[in-house]
Amino acid sequence: IGREYSCAFWSWQDAMGGPGGAYAWLRQSPALIARDLTHLSVAGYQLSARKFVADTGLTSYVRKR
């Protein structure tokens with residue numbers, strides 16, 4: 001629907017490596033996702049946030065630490 005109406009969108013699944021990517025995140029050390037394959041770890045949420053900012057071009061809005 002987003003494409004149909006020219007809406008911007010971001011795919012969390014694509015950012016995690018596509019279908020089944022959660023399994024790769026689970027195998028990371030430390031794991032980036034819980035064994036339920038739904039809830040991310042703190043490191044997983046942080047990585048997701050960095051990917052979101054980079055993929056959407058919002059880097060100029062993010063305060064540098």
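Among the elements of the chain, helix H3 has the lowest mean pLDDT, 94, and H2 has the highest, 97; pLDDT is the predictor's confidence in each residue, on a scale from 0 to 100. Helices here are DSSP runs (H or I, at least four residues), numbered from the N terminus. For the chain, the mean pLDDT is 90, and 94% of the residues reach 70 or more. Where pLDDT is low, the predicted coordinates should not be read in detail. The model is predicted, so local features need pLDDT of at least 70 and side-chain atom pairs count only at pLDDT 80 or more, while totals for chains, interfaces and linings use all residues. Residues are numbered from 1 along each chain as its sequence is written, and side-chain values use heavy atoms, with hydrogens and water left out.

Helix H3 comprises residues 42-56. Its 15 residues should span 21 Å at 1.5 Å a residue, and the end C-alpha atoms are indeed 21 Å apart, which agrees; the expected span is 1.5 Å times one less than the number of residues.

Which residues of H3 are buried? They are Gly44, Ser48 and Val53, where buried means under 20% relative accessible area and exposed over 50%, with partly exposed in between (1.4 Å probe, protein chains only). These residues cover an arc of only 170 degrees around the axis and therefore lie on the same side of H3; the arc is that of the directions from the helix axis to the C-beta atoms. The face turned away from this buried side carries the exposed residues Val42, Arg50 and Ala54. The cover over the buried residues includes helix H1 (12-15) and helix H2 (21-27). Just after H3, Gly57 takes a positive phi of about 75 degrees.

Ser48 counts as buried because its relative accessibility is 4%. Not counting residues up to four places away in sequence, Ser48 touches Trp10, Trp12, Trp25 and Leu40, contact meaning heavy atoms within 4.5 Å.

The path now turns to the loop between H1 and H2, where Met16 is found. With a relative accessible area of 14%, Met16 is buried. Leaving aside neighbours within four places in sequence, Met16 is in contact with Gly21, Ala22, Trp25, Ile33 and Leu40. The largest nonpolar core has 6 residues in all: Met16, Ala22, Trp25, Leu32, Ile33 and Leu40. Such a core is a set of buried Ala, Val, Leu, Ile, Met, Phe, Trp, Tyr and Cys residues joined through side-chain atoms within 4.5 Å. The C-alpha atoms of Met16 and Lys51 are separated by 9.2 Å, although these residues are 35 residues apart along the chain.

Definitions and conventions: Helices (H or I, at least four residues) and strands (E, at least two) are DSSP runs, numbered from the N terminus.
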